[in-house]
Structures are given as C-alpha cells and as structure tokens.
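Student: I'd like to learn how to read a fold from its coordinates. Could we walk through one together?

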Amino acid sequence: DGGSLLYIPTGTDDPLVNFGENFDTDAFFAYLQENGLMKYAGEIAPRNSNFSDWWGKIDLKFEQELPAFAEGHKMSAFVVIENLTNLIDSDWGVAYQASFPRMFQIVAADITDGKYNYNEFFERDQGRVTAPSTWEVRFGVKYKF
C-alpha cells in the first residue's frame, strides 16, 4: 500500500525482487538515483529519509509616512509585494512537496515467498503548492489616532 516503506533493490538482478513484465526499471533506477535513495540499496529506505526541496521567496514592503489630518495622528501609505521572485519569473519562488499526508506510492508491489514483486512504477514529482507559490501585491493606507 502507499504507506509502506520501500525496499531499494541493488540492481535489476537483485535476488529479492521480481520486476513485472511492464515495469520500467530504467525510469525506476533513475528516480532512485535522482532522489538519493540508492544509498539504501539492499535495504528498506528508512521512514522520513527524504524531504521536499528547500524553497525561498523574497517579500518586499515600501511604506511612506504622510501628513495626518490632526495633531498627534500618524498616517502612512504602503505597498507589500509577497513573493517578488515569482512576480519577476513564474519559475522562481515556487514550493514543491508531496501532497498530504506527505507521502506517495512509488511502486505497486506485493510480497510472495519473501520476494518483492514490483509490478508498476509510478513516476511522481512533488506537486506545486499553490498558496505560497504565487505572488501578491497589496496597497493600503494606515491611520493611527
């Protein structure tokens, strides 16, 4: 099932794994290599051994004090740009991660007579998280009295 930990084969000739007829071993081993999972070859990858990519964004705020309408009052106007990097280029400031519950199934597998049967490989990319990955501009006026 999707919540089980993954046994990382040592290669296509691993004696503990039977690969299904239509199993894409090239894509599977490329995926393991890209995601740093081959260091666990011959064993089960530990829980929480991989994490979503780091991401960053730059927020910017301009605020200008203005004359207020009465003595002792303060007024200012502001512009806030959240995720300025994504406003500049839609490929920047984008967060990718596995969807809730922060896991996904990599192979369809079962175990028979102590051997793993890998029937299908699901090439999964981490999904784009919409809310933190979009830019936003807010304008406003602040008045303190």
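Tutor: Gladly! Let's begin with a term: a residue counts as buried when its relative accessible area is under 20%, and as exposed when that area is over 50%. Keep in mind that this is a predicted model.

Student: What share of the 145 residues in the protein chain is buried?

Tutor: Buried residues make up 28% of them. The accessible surface of the chain comes to about 10,200 Å², and carbon and sulfur atoms hold 52% of that area.

Student: In what order do the elements of the protein chain run from the N terminus on?

Tutor: The order is β-β-α-β-β-β-α-β-β-β-β-β, which comprises two helices and 10 strands. As for contacts with a separation of 6 or more, 64% are between residues 24 or more positions apart.

Student: Now the sheets. Which strands form the open sheet of three?

Tutor: Read the order as 2-8-7, with mixed pairing. Strand 2 and strand 7 (107–112) are at the edges; each has a single partner strand, so one side of each lacks a neighbour in the sheet. From one strand to the next, the twist averages 25 degrees. Strand 2 and strand 8 run parallel and are joined by three bridges; Val 17, for example, has Tyr 116 in strand 8 as its bridge partner.

Student: Which strands does helix 1 touch where it packs on the sheet?

Tutor: Helix 1 touches strand 2, strand 7 and strand 8, and its direction makes about 100 degrees with that of strand 8.

Student: And how should I think about the core?

Tutor: In soluble globular proteins, nonpolar side chains tend to be buried together. Here the largest nonpolar core has 19 residues, and those with the most contacts inside it are Phe 28, Leu 32, Val 107, Tyr 118 and Phe 121. Strand 1 (7–8), strand 2 (17–19), helix 1 (25–34) and strand 8 (115–121) each give two or more residues to this core. Helix 1 supplies the largest share, five residues. Leaving out residues up to four places away in sequence, Val 107 touches several residues, among them Leu 6, Phe 23, Phe 28 and Tyr 118.

Student: Let's try a polar residue. Is Asn 117 buried or exposed?

Tutor: Asn 117, in strand 8, has a relative accessible area of 13%, so Asn 117 is buried.

Student: Which side chains make polar contacts with the side chain of Asn 117?

Tutor: One is that of Asn 18, at 3.1 Å. Another is that of Asp 110, at 2.7 Å. Beyond four places in sequence, Asn 117 also touches residues including Ala 108, Ala 109, Ile 111 and Thr 112.

Note on methods: Residues are numbered from 1 along each chain as its sequence is written. This is a predicted model: local features need pLDDT of at least 70, side-chain atom pairs count only at pLDDT 80 or more; totals for chains, interfaces and linings use all residues. Side-chain values use heavy atoms; hydrogens and water are left out. A nonpolar core is a set of buried Ala, Val, Leu, Ile, Met, Phe, Trp, Tyr and Cys residues joined through side-chain atoms within 4.5 Å. Buried means under 20% relative accessible area, exposed over 50%, partly exposed in between (1.4 Å probe, protein chains only). Helices (H or I, at least four residues) and strands (E, at least two) are DSSP runs, numbered from the N terminus. Contact means heavy atoms within 4.5 Å. A polar contact is a pair of N or O atoms within 3.5 Å; within protein, one must be able to donate a hydrogen and the other to accept it, and residues adjacent in sequence count only if both atoms are side-chain atoms. Accessible areas come from the Shrake-Rupley method with a 1.4 Å probe; for residues, only the protein chains shown count as cover. Two strands pair if DSSP finds at least two bridges between them. Axes are lines fitted to C-alpha atoms, for helices over the stretch in contact, and angles run from 0 to 180 degrees between N-to-C directions.
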